[in-house]
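Let's take a walk through this fold together, strand by strand. Keep the structure open beside you as you read.

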Amino acid sequence: MTQVQEKNERALRALPPRRRRPLRVLAWTGGVALLAAAVAAAAVGFGGGSAGTAAATRTPPATVKVTRTTLTATKTVDGTLGYGDPLTVAGKSQGTITWLPGEGSTITRGHGVYSVDADRRPLLYGTIPLYRTLEDGVEGKDVELLERNLDKLGYTGFDVDNAFTWSTREAVEDWQEDLGLDVTGRVEPGDVVVADGRIRVAELKKTLGDPGSGPVLTATGTTREVLVNLDVADEHLVRKGMKATVELPDGSTVKGEVAGVGKVATETGSGTDTATTVEVRVSVSGLKKSFDAAPVDVTIVSEQRENVLAVPVGALVALAEGGYGVQVVEGAATRYVAVETGMFADGKVEVTGVNEGMTVAVPK
């Protein structure tokens, strides 16, 4: 036995008995779902309790540098590409349907949504439906909605407020005359359709010649978005404004952003297959192909750590004293250094307790 071997043998005998502790590391995604299997099984003791001790004189078979990088954790979930939840446009007038738009067409402010007895029912933008006759002397938010739309359509001579005055009546009369309607100076609830913006005709519920009352068509917004039924256990991982990537059925990807997270949980399925989910809406941009509706994969960036030191997950070893360490390589010798772990992502782990550029062993 050489002097070096005798010295190493004495050092090993001086170490306390090795104590194995169960390895418990939680990871969400990024290729480290089975993190425990990637961490070295052998526990290593420091012996004297110092920052690190010489462990060998032979260079490990594989090494990497401690690097400064950005770690990104993601989660991929199923979603459905479409135009959002549809709304039903119902007619409130007696008469006969004499004109309908085409399915898939877009309707903007002031343009007809459908016609009854050759009278167009124009679209107004707003968040409350008209529920009463608007005429001289009426005040309220619905009056303000009407006046704001008339103003946007180019009619003048009145103040946009919540009071229906003689000047409002004159603007309404001019508007009705331009539309070819009976000039009454008042607006009935069934005279217009109110939506919060442009609408896209999703499905016609009536045909020409049908009665004008009841559901006429369904419509959606004009912006395509992805709806995700997210498990409530993952709800804390997403928030409005978070970036996302949407993979389309043809394998191409587009950028997305979380536009909203539902506040009401819904239970789906039955028996043992039930799931409690919340609805997450993801807006998309750069969508060139006309997918009206399609199943998609949505990858959401749940967490990101910039400018951190990281090593491959496989470089971690479990220490007998508890926690984790790495085997630092210094020339022909190595030593174990305890580290604090942070975020896990993409097969790497954030570590503190080592310096950038250090060489660490990665067991095969």
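Before we start, one definition helps: the angle between two elements is taken between their N-to-C directions and runs from 0 to 180 degrees, with axes fitted as lines to C-alpha atoms. Please also keep in mind that this is a predicted model.

With that in hand, look at helix H3, which spans residues 141-152. H3 lies across strands E8 (119-125) and E9, and its direction makes an angle of about 100° with E8.

E8 and E9 belong to an open sheet of seven strands, whose order is E6-E10-E11-E5-E7-E8-E9 and whose pairing is mixed. At the edges of this sheet are E6 (106-107) and E9 (193-195), each of which pairs on one side only. Further inside the order, E5 (residues 87-99) and E11 (residues 211-220) are joined by seven bridges in the antiparallel sense. To find your place there, pick out Thr 88, whose bridge partner in E11 is Thr 218.

Now move along the chain to strand E16, residues 275-285, which pairs antiparallel with E12 (residues 225-231) through seven bridges. One of the matched pairs puts Asp 231 with Thr 277 of E16. E14 (residues 253-261) also pairs with E16 in the antiparallel sense, this time over six bridges; here Lys 255 has Ser 285 as its bridge partner.

A further antiparallel partner of E16 is E15 (residues 266-268), with three bridges between them. Glu 267 stands opposite Thr 276 of E16. E15 and E16 make a hairpin with six residues between the strands, and in that turn Gly 269 has a positive phi of about 85°.

Terms used. Residues numbered from 1 in each chain as written. Predicted model: local features only at pLDDT ≥ 70, side-chain atom pairs only at ≥ 80, totals over all residues. Heavy atoms only, no water. Pairing = 2+ DSSP bridges. Helix = DSSP H or I, 4+ residues; strand = E, 2+ residues; numbered from the N terminus. Contact = heavy atoms within 4.5 Å.
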